[in-house]
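The following exercises concern the overall fold of one protein chain and the strands at its interior. Each task is followed by a worked solution.

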Amino acid sequence: MLAYPQILAELCDELAALTQRRVAVGEDTDLLGDLKLDSLQVMNLLLQVEDRFDISIPVSILPDVRTVKDLALQIENLAREG
Amino acid sequence: MGLFDKFDGLAAARRELQALGIDPFGVEIERIVSPTEGIIRGRPTILAGTNNYLGLTFNAECIAAAHRALDAEGTGTTGSRMANGSYASHRRLEEELAAFYGKRDAIVFSTGYQANLGMLAGLTGPNDVVLLDADCHASIYDGCRLAGAEVIRFRHNNAADLDRRMRRLGPRAADALILVEGIYSMLGDRAPLADIVAVKREHGGYLLVDEAHSLGVLGERGRGLVEETGVLADADFIVGTFSKSLGGTGGFCVSDLPALDLARYASRPYIFTASPAPATIASTRAALAILAAGRELRARLRANFERLHAALTAMGYTLGAPPGPVIAVVQGDRSEALQFWNRLLQRGVYVNLMLPPATPDGVSLIRCSVSAAHSPAQIDAVCAAFADLRAAAGVSTAGRGAAA
């Protein structure tokens with residue numbers, strides 16, 4: 001079972017790679033505002049995260065995701081249900 | 001935050017475009033002369049960005065059929081088919097589309113966009129899973145949103161990636177709807193349909209293929225990639241548009257499944273919109289008959305796109321896909337693409353400018369669409385404009401062959 005701290009750490013790793021470590025990534029980092037990701041990049045991030053955690057992440061969670069923490073919580077939820 | 005604050009970014013982007021003297025996303029064709037020629041900014045321009053693949057917009061039979069319907073049935077239907085009734089011609093076109101594909105039934109929608117919107121909203125809901133290719137058209141994404149379906153994307157043209165995602169779904173995979181396109185509109189590449197079908201056969205689920213850009217173009221009878229790949233029977237739903245190879249406006253879905261007819265009653269984009277005008281239906285029916293018998297048109301289209309593709313390759317341009325009716329030239333950054341597009345227009349060639357995030361992987365594209373109606377001289381002129389710009393950029397095209 002995936003625990004929140006592990007999800008958060010791996011997510012930060014993934015985002016740091018995606019943004020070429022230009023910005024420090026933490027729990028409260030805003031995906032669109034701070035990292036300047038566009039909607040397509042965020043959807044592509046989901047593809048990576050799905051494979052990393054071997055879970056299905058519906059694109060429809062995105063309207064509820066603003067920060068890294070929001071995404072980590074969604075993943076925790078999905079992993080628990082899955 | 002004010003109502004219009006969100007337009008600040010758009011306004012800045014548009015100012016940059018307008019600095020060119022012409023907005024690529026607001027081009028006015030002052031006069032349309034033929035399927036492949038128009039007057040833009042007072043000068044004759046070759047239209048190589050219209051999706052008019054078979055050049056049927058000026059076909060005499062289609063125009064005569066539209067005239068007859070206009071005279072006999074009037075300008076519009078003034079209502080939706082469900083509330084205000086279908087005209088006989090709506091149903092005849094549905095029967096003809098079903099017969100063309102050898103499928104049980106068809107639904108006609110008022111636009112191609114609405115065909116995807118209507119099918120997704122009609123077929124799926126919040127408890128259903130839709131697996132879509134990451135590069136699918138906006139109408140497919142919007143349809144999923146309207147339906148409230150659970151959307152899982154898979155990597156573009158990657159059947160192994162689809163397989164992995166279906167495996168994760170477990171028993172839910174058997175009822176999932178898989179969505180791919182015959183030809184993807186941005187890069188012009190085709191779905192690996194045989195591989196996609198193999199994944200579907202293993203996990204179950206239903207397959208919807210959007211043939212918007214491949215109808216009339218691929219397959220012996222023009223039935224698209226499903227025909228060319230020999231998987232017509234495996235495609236549970238085939239969606240297409242009237243606004244490209246058929247030269248009209250509207251869209252459709254064909255299927256063998258009885259659920260298709262019931263989907264009408266669940267599809268808001270079908271229910272709450274006016275049905276296509278009689279003249280549109282009449283020209284589309286005439287065009288469909290021409291398309292089905294159009295081997296010679298397809299051969300001409302193929303000769304045209306193969307020639308343009310080979311010439312651009314020889315000049316050293318990076319193209320998005322092997323030869324097809326959509327030829328996308330990959331550009332550097334956004335402003336380079338913008339300048340390139342403008343210079344083509346100045347040389348009398350109109351193509352499409354495609355910028356991120358509408359494009360995959362953040363690339364900027366100069367997108368050409370080739371028509372069977374382009375004359376050899378027009379293809380030569382398009383090639384000459386591209387060669388001219390290559391020369392202007394200081395790249396020698398001599399002796400590069402097809403290696404690039």
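**Exercise 1. Determine what share of the contacts in chain B with a separation of 6 or more comes from residues 24 or more positions apart, and describe the overall dimensions of the chain.**

Solution.
1. In this predicted model, 67% of the contacts in chain B with a separation of 6 or more are between residues 24 or more positions apart.
2. The secondary structure of chain B consists of 15 helices and 14 strands.
3. The radius of gyration of chain B is 22 Å, close to the 22 Å given by the globule rule for 404 residues; chain B is therefore as compact as a globular protein of that length.
4. Along the principal axes, the C-alpha atoms of chain B fill a box of roughly 60 × 55 × 55 Å.

**Exercise 2. State what fraction of chain B is buried and characterise its accessible surface and charges.**

Solution.
1. Of the 404 residues in chain B, 56% are buried, the criterion being under 20% relative accessible area.
2. The accessible surface of chain B is about 16,300 Å², and carbon and sulfur atoms contribute 54% of that area.
3. Chain B carries 40 positive and 42 negative charges, whose mean positions lie 1 Å apart.

**Exercise 3. Establish why strand E4 of chain B is described as largely enclosed, and identify its pairing with E10(B).**

Solution.
1. Strand E4(B) spans residues 105–109, and five of the five are buried, so the strand is largely enclosed by the rest of the structure.
2. In a regular strand, side chains alternate between the two faces of the sheet.
3. Asp105(B), Ile107(B) and Phe109(B) point one way from E4(B), while Ala106(B) and Val108(B) point the other way; all are buried.
4. E4(B) pairs with strand E10(B), residues 251–255, in the antiparallel sense over five bridges.
5. Within E10(B), Gly251(B) stands opposite Phe109(B).

**Exercise 4. For strand E9 of chain B, assess the burial of its residues and give the sense in which it pairs with E8(B) and with E10(B).**

Solution.
1. Five of the five residues of E9(B), residues 237–241, are buried, so this strand is largely enclosed by the rest of the structure.
2. Phe237(B), Val239(B) and Thr241(B) point one way from E9(B), whereas Ile238(B) and Gly240(B) point the other way, and all are buried.
3. Strand E8(B), residues 206–210, pairs with E9(B) in the parallel sense over three bridges; Asp210(B) has Val239(B) as its bridge partner in E9(B).
4. E9(B) and E10(B) run antiparallel and are joined by five bridges, with Ile238(B) opposite Val254(B) in E10(B).
5. E10(B) thus pairs with E4(B) and is also joined to E9(B).

Technical notes: Residues numbered from 1 in each chain as written. Chains lettered and ligands numbered in written order. Predicted model: local features only at pLDDT ≥ 70, side-chain atom pairs only at ≥ 80, totals over all residues. Heavy atoms only, no water. Buried < 20%, exposed > 50% of the residue type's maximum accessible area, 1.4 Å probe, protein only. Helix = DSSP H or I, 4+ residues; strand = E, 2+ residues; numbered from the N terminus. Pairing = 2+ DSSP bridges. Rg over C-alpha atoms; globule rule 2.2 N^0.38 Å. Contact = heavy atoms within 4.5 Å. Areas by Shrake-Rupley, 256 points an atom, 1.4 Å probe, with all protein chains shown as cover. Lys, Arg positive; Asp, Glu negative; His and termini not counted. Charge placed at Lys NZ, Arg CZ, Asp CG, Glu CD.
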